[in-house]
Structure formats: C-alpha cells, structure tokens
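Please look through the sequence and the three-dimensional model shown here, and keep both in view while you read the paragraphs that follow.

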Amino acid sequence: MKETMMYRLVRIGMDTSKKVFHIHGIDAEKRGVLSRRLSRHQMIGFFEKRLPTMISIEACGASHH
C-alpha cells in the first residue's frame, strides 16, 4: 500500500523485532492505508513526520530487547 496525503492515519500497529519494525496504519474508515517495514533508524524518522495518533505495539518475547 502506498502512502498518500489523501488520508489521515488514526491508528498505527507496530510489530517489533530486534532489527526491523512492521508498521500498519488505518484511516478513519478502518481501511488499511499503510504497510511498511522499517529499520530502527528509519522508524524514528517515520514517526517524526507524523501527526499524533494512537500506536499499538505487539508485546512478545522480542519486546524486552
């Protein structure tokens, strides 16, 4: 899914691991509008450019690292 300026993310889900993060975003109609795989360095830049929104983070064994 390509990100466009036609929507506003209302929720972001983040799947964590040691080296990469999988980001999935939905709009107000609960449509999936964003799907990305980001490194730790890319993740910081990604969130710096976003408006405030709710973020849900998966908690698993890797989340303690």
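The chain exposes about 5,000 Å² of surface, and carbon and sulfur atoms supply 58% of that area. The model is a predicted one, and the values in this text are computed from it. Of the 65 residues in the chain, 23% count as buried. Among contacts that join residues at least 6 apart in sequence, 44% link residues at least 24 apart.

We can turn next to the secondary structure. The chain has one helix and four strands, and, read from the N terminus on, these elements follow the order β-β-β-α-β. Strand 1, which covers residues 11–15, pairs with strand 2, which covers residues 20–26, in the antiparallel sense and over five bridges. A hairpin of four residues leads from strand 1 to strand 2. Strand 2 also pairs with strand 3, residues 32–39, again in the antiparallel sense, this time over seven bridges, and the hairpin between strand 2 and strand 3 has five residues between the two strands.

A single residue of strand 2 helps to show how these pairings fit together. Ile23 is the bridge partner of Met14, while in strand 3 the bridge partner of Ile23 is Arg36. His22, which also lies in strand 2, touches Gly13, Met14, Asp15, Arg36 and Arg37, if residues up to four places away in sequence are not counted. One of these, Arg36, is 14 residues from His22 in sequence, yet the two are 5.8 Å apart in space, C-alpha to C-alpha. His22 counts as partly exposed because its relative accessible area is 31%, a value that falls between the limits of 20% and 50%.

Now follow the chain into the loop between strand 2 and strand 3, where both Asp27 and Lys30 are found. Which of them is buried and which is exposed? Asp27 has a relative accessible area of 2%, and is therefore buried, whereas Lys30 has a relative accessible area of 64%, and is therefore exposed. The side chain of Asp27 reaches the backbone nitrogen of Glu29 at 3.1 Å, and a polar contact of 2.6 Å joins the side chain of Asp27 to that of Arg31. Lys30 deserves a second look for its backbone, since its phi is near 60 degrees, a positive value in a residue other than glycine. Most residues other than glycine have a negative phi.

The last stop is a group of side chains that includes aromatic rings. How many aromatic pairs does the count come to? The count comes to one aromatic pair, and this pair is formed by Phe46 and Phe47, whose rings are edge-to-face, with 5.0 Å from centre to centre and 85 degrees between the planes. Phe46 is buried because its relative accessible area is 5%, while Phe47, with a relative accessible area of 23%, is partly exposed; the cut-off for buried is under 20%. Phe46 has a further partner in Arg50, which lies over the face of its ring at 4.1 Å from the ring centre.

Notes:
Residues numbered from 1 in each chain as written. Predicted model: local features only at pLDDT ≥ 70, side-chain atom pairs only at ≥ 80, totals over all residues. Heavy atoms only, no water. Pairing = 2+ DSSP bridges. Buried < 20%, exposed > 50% of the residue type's maximum accessible area, 1.4 Å probe, protein only. Polar contact = N/O pair within 3.5 Å; in protein donor to acceptor, adjacent residues only side chain to side chain. Phe/Tyr/Trp six-rings, centres within 6.5 Å; stacked < 30°, edge-to-face > 60°. Lys NZ or Arg CZ within 6 Å of the ring centre and 35° of its normal. Contact = heavy atoms within 4.5 Å. Areas by Shrake-Rupley, 256 points an atom, 1.4 Å probe, with all protein chains shown as cover.
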